[in-house]
Number of protein chains: 2
Amino acid sequence: MGQTLARERARATAVRKEASAPLPLGTILGGDCVEAMRGLPSASVDMVFADPPYNLQLGGDLNRPDGSHVDAVTDAWDKFDSFGSYDAFTRDWLTEARRVLKPNGSLWVIGSYHNIFRVGAQLQDLGFWILNDVVWRKSNPMPNFKGTRFTNAHETLIWASMGEKARYTFNYRAMKTLNDELQMRSDWVLPICAGPERLRKEGVKAHPTQKPEALLYRVMLATTNKGDVVLDPFFGTGTTGAVAKRLGREWIGCEREARYRDIATERIEAALPLDESALTTMQSRKAAPRVAFGTLVETGWIGAGTPLFDKKRRHVATVRADGSIVSGSADGSIHGLGAKLQGAPSCNGWTYWHLEHEGATKPLDAIRQLYLLATEP
Amino acid sequence: MGQTLARERARATAVRKEASAPLPLGTILGGDCVEAMRGLPSASVDMVFADPPYNLQLGGDLNRPDGSHVDAVTDAWDKFDSFGSYDAFTRDWLTEARRVLKPNGSLWVIGSYHNIFRVGAQLQDLGFWILNDVVWRKSNPMPNFKGTRFTNAHETLIWASMGEKARYTFNYRAMKTLNDELQMRSDWVLPICAGPERLRKEGVKAHPTQKPEALLYRVMLATTNKGDVVLDPFFGTGTTGAVAKRLGREWIGCEREARYRDIATERIEAALPLDESALTTMQSRKAAPRVAFGTLVETGWIGAGTPLFDKKRRHVATVRADGSIVSGSADGSIHGLGAKLQGAPSCNGWTYWHLEHEGATKPLDAIRQLYLLATEP
DNA sequence: ACCGAAACTGAATCATTAC
DNA sequence: AGTAATGATTCAGTTTCGG
């Protein structure tokens with residue numbers, strides 16, 4: 001009991017120390033990634049991007065979180081055992097990633113059919129809530145030389161929040177703008193990492209699975225804000241860090257191999273951050289300051305007594321002095337009455353109701369924009 | 001010991017009896033699919049195509065921005081208590097599917113991010129060997145109305161053999177021909193099932209999750225041979241059966257709901273095998289912007305069996321289901337066979353080959369233009 | 001009959017803030 | 001904690017209807 005209490009106290013102290021310790025922003029932690037993450041405080045990062053190893057079939061490559069090597073076993077058990085140990089490895093790093101993430105943070109994992117099903121099932125079991133699976137469709141994949149299967153032309157990413165009810169960041173407008181004013185879909189066409197972007201040492205590619213920066217660019221632009229902290233437990237040659245720097249995000253990496261850490265450090269130092277204007281993304285209306293309809297009436301932008309009507313002029317209403325509107329015997333807010341008259345569950349009164357303004361028919365929202373322009377220069 | 005022996009002998013007899021019992025080809029078995037599959041002999045079918053419930057776990061109602069209501073999948077068959085019970089369900093039907101499959105057979109499963117990771121992990125655990133994961137990229141998915149995530153624009157299929165060393169059927173040439181002489185990739189662009197192909201009863205869709213025939217067409221053409229037996233444990237309204245009949249494959253279905261069995265039976269009876277069928281059943285199908293000749297066949301714009309000829313009618317050829325064409329003992333793609341017959345180094349099949357269309361002789365290219373006109377306004 | 005407008009639809013884990 | 005108010009949000013089609 002005494003021992004347990006002492007241990008408890010020691011751990012509490014450690015946690016407190018962790019919590020007050022500054023995050024090692026812009027650094028690559030060496031050693032095993034699970035151990036490295038244990039040194040980070042809980043609920044401290046906004047997003048985790050993970051590109052874990054998935055060479056299940058090769059064997060011998062897997063180590064337990066404690067560093068011990070996974071022994072090969074008899075052929076009969078080999079399959080089960082390698083899946084089992086891969087699952088354990090996955091559970092361990094996912095568990096630490098979950099601890100380190102803020103409640104409103106999110107997780108990205110990339111993988112292929114060799115490992116992604118196991119990773120996906122595991123993260124669901126740990127309480128992560130899948131928001132999308134995203135397909136990276138390679139525009140220039142390696143062909144299947146033997147002609148024995150379909151060309152393996154894509155990889156899969158999973159994007160997950162901390163739980164079913166958890167909030168998360170999604171820059172909807174930025175994505176829609178990026179996609180030529182159409183909603184961004186769950187399938188992304190991007191070339192593989194090649195040409196000058198591909199890091200080489202003496203003519204040989206420096207890392208076997210270097211990801212294209214465009215992929216990380218879209219991931220970060222979509223699901224983080226400027227200044228957010230991004231953690232990559234399998235940093236490799238630092239694509240995550242390079243793109244984070246470019247997009248004005250903070251980053252932390254974990255990488256076991258000193259060789260990759262050196263290459264990544266050099267690479268990220270050379271990366272140029274985008275300037276402020278380039279970083280600004282399309283914002284949703286949500287971000288604009290709220291204006292109550294009553295304020296427009298109060299300030300005279302819309303006079304009491306003004307007739308309102310919907311686009312097809314099926315309904316007409318009149319503005320009252322207090323910002324409510326009335327139509328026959330029914331009245332309410334611009335939203336509530338709009339919904340009531342349409343029999344709809346909800347209604348955005350700003351876009352539903354129109355008025356005559358300078359000889360033209362305009363939605364209320366247009367007046368709101370004028371008001372915002374005039375009052376917030 | 002005596003007991004064990006007796007049991008062994010009894011089981012051997014049972015197996016022998018099963019093996020000699022004729023397969024219920026071309027029939028839909030009622031009741032629970034696991035029970036139904038138990039009645040089938042071991043190692044008796046060549047391919048299993050499964051479209052199991054996705055376990056969607058939907059929340060409340062969803063409305064479009066225009067206020068209309070989204071008709072969601074709320075059926076009892078998609079409700080599971082927990083991931084655990086879904087996993088158990090998955091393990092059960094996969095186990096029977098595995099028993100029923102021949103050693104050189106293969107398995108296809110389709111799903112979404114809600115369930116596919118669990119299914120994929122389970123089938124690996126049971127010894128299946130994943131050959132490809134294939135992404136069905138929907139050309140016309142439902143948007144994300146609230147702007148909260150990426151448009152969920154794809155579903156995932158897993159194709160697996162019976163084990164790492166197991167053999168399997170892959171019609172590489174057929175796929176390459178279907179894709180205009182490029183290797184078929186792991187991402188397939190196909191429209192969702194709508195229009196005349198979508199089965200309706202009194203104007204209401206007959207089944208909430210009917211799959212497009214083009215999807216099954218490609219699956220069967222790629223991984224089965226003529227005369228092979230295809231089993232679908234979640235038969236629904238019988239897309240698998242209809243396509244199997246069209247492509248000259250045998251089929252067995254399992255379907256719990258009598259209503260769906262009736263619809264499927266009627267549908268399959270009306271389906272026409274191969275040649276003259278395609279045009280009438282798949283008229284409104286659409287596909288990728290870049291049009292492969294195979295796509296025109298797959299979508300019914302040019303029916304399998306259609307005679308082709310050059311402008312001076314020196315050569316005649318016939319269209320095959322996979323988009324290849326045959327003339328006497330020679331065959332190939334529209335380009336390759338055209339070149340071969342002329343003794344030319346190359347040939348543009350699109351302008352060389354002609355067909356009768358609405359009483360006139362037209363080059364293939366004219367049909368491609370019609371197709372593009374119809375699909376890309 | 002033909003044309004254009006408007007309505008309808010699809011495996012969907014689909015809101016946020018103030019009180 | 002729950003309830004009420006505010007207000008943000010759609011793509012590629014096919015089918016129906018009015019002129």
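How closely do the axes of H7(B) and helix H8 (residues 258–270) of chain B come, and at roughly what angle do they cross? In this predicted model, those two axes come within 9 Å and cross at roughly 15°. Angles under 35 degrees count as roughly parallel, so H7(B) and H8(B) are roughly parallel to each other. Their crossing is right-handed.

**Three helices in chain B**

Let's see who does the touching here. From H7(B) come B:Thr239, B:Gly241, B:Ala242 and B:Lys245, and they meet B:Arg267, B:Ile268 and B:Glu269 in H8(B). Sorted by class, that contact has two nonpolar, two polar and three charged residues.

H7(B) has another partner too. Helix H6 (residues 213–223) of chain B and helix H7 (residues 239–246) of chain B have axes that come within 9 Å and cross at roughly 55°. That makes H6(B) and H7(B) oblique to each other, and this crossing is right-handed. On the H6(B) side the contact is made by B:Glu213, B:Leu216, B:Tyr217 and B:Met220, while H7(B) brings B:Thr239, B:Thr240, B:Ala242, B:Val243, B:Ala244 and B:Arg246. By class, the contact of H6(B) with H7(B) has six nonpolar, two polar and two charged residues.

Why quote an angle and a distance each time? Because two packed helices are described by the angle between their axes and the distance between the axes.

**Rings that pair up**

Now for the aromatic side chains. Over all chains, the count comes to 34 aromatic pairs. One of them is B:Phe89 with B:Phe234: the ring centres are 6.0 Å apart and the planes sit at 55°, so the pair is tilted. It links distant parts of the chain, with B:Phe89 in helix H3 (residues 83–100) of chain B and B:Phe234 in the loop between strand S9 (229–232) and H7 of chain B, 145 residues apart. B:Phe234 has a relative accessible area of 16%. Buried means under 20%, so B:Phe234 is buried.

B:Trp108 and B:Trp188 form another tilted pair, at 6.0 Å centre to centre with 45° between the planes. This pair also links distant parts of the chain: B:Trp108 belongs to strand S3 (residues 101–111) of chain B and B:Trp188 to strand S6 (residues 187–190) of chain B, 80 residues apart. What about their accessibility? B:Trp108 is at 0% relative accessibility and counts as buried, and B:Trp188 is buried with a relative accessible area of 0%.

Some rings join up across chains. Ring pairs link A:Trp108, A:Trp159, A:Tyr168, A:Phe170, A:Tyr172, A:Trp188 and B:Phe150 into a cluster.

**A few residues up close**

Which residues have a positive phi without being glycine? Among them are A:Arg313 and B:Asn55, set out here with their places and accessibility.

| Residue | Phi | Location | Relative accessibility |
|---|---|---|---|
| A:Arg313 | near 55° | loop between strand S11 (307–310) and strand S12 (316–319) of chain A | 48%, partly exposed |
| B:Asn55 | near 55° | loop between strand S2 (45–50) and H3 of chain B | 3%, buried |

B:Asn55 turns up again in the surroundings of B:Phe83. B:Phe83 is found in helix H3 of chain B. Leaving aside residues up to four places away in sequence, B:Phe83 touches A:Gln124, B:Asn55, B:Gln57, B:His114 and B:Arg118. As for B:Leu107, B:Phe83 is 24 residues away from it in sequence and 22 Å away in space, C-alpha to C-alpha.

Over in chain A, A:Thr209 lies in the loop between strand S8 (204–205) and helix H6 (213–223) of chain A. At 32% relative accessibility, A:Thr209 counts as partly exposed. Not counting residues up to four places away in sequence, A:Thr209 touches A:Asp51 and A:Arg198. A:Thr209 and A:Ile192 are 17 residues apart in sequence and 9.9 Å apart in space, C-alpha to C-alpha.

**Stepping back to chain A**

The secondary structure of chain A comes to 13 helices and 16 strands. How many of its 377 residues, as a percentage, count as buried? For chain A the figure is 46%. Finally, take the contacts in chain A between residues at least 6 apart in sequence: 66% of these join residues at least 24 apart.

Technical notes: Residues are numbered from 1 along each chain as its sequence is written. Chains are lettered from A and ligands numbered from 1 in the order in which they are written. This is a predicted model: local features need pLDDT of at least 70, side-chain atom pairs count only at pLDDT 80 or more; totals for chains, interfaces and linings use all residues. Side-chain values use heavy atoms; hydrogens and water are left out. Axes are lines fitted to C-alpha atoms, for helices over the stretch in contact, and angles run from 0 to 180 degrees between N-to-C directions. Helices (H or I, at least four residues) and strands (E, at least two) are DSSP runs, numbered from the N terminus. Angles under 35 degrees count as roughly parallel, over 145 as roughly antiparallel, 65 to 115 as roughly perpendicular and the rest as oblique. A crossing is left-handed if the near helix is turned anticlockwise from the far one by less than a right angle, and right-handed if clockwise. Contact means heavy atoms within 4.5 Å. Ala, Val, Leu, Ile, Met, Phe, Trp, Tyr, Cys and Pro count as nonpolar, Asp, Glu, Lys and Arg as charged, and the others, Gly among them, as polar. Rings of Phe, Tyr and Trp (its six-membered ring) pair if their centres lie within 6.5 Å; planes under 30 degrees apart count as stacked, over 60 as edge-to-face and the rest as tilted. Buried means under 20% relative accessible area, exposed over 50%, partly exposed in between (1.4 Å probe, protein chains only).
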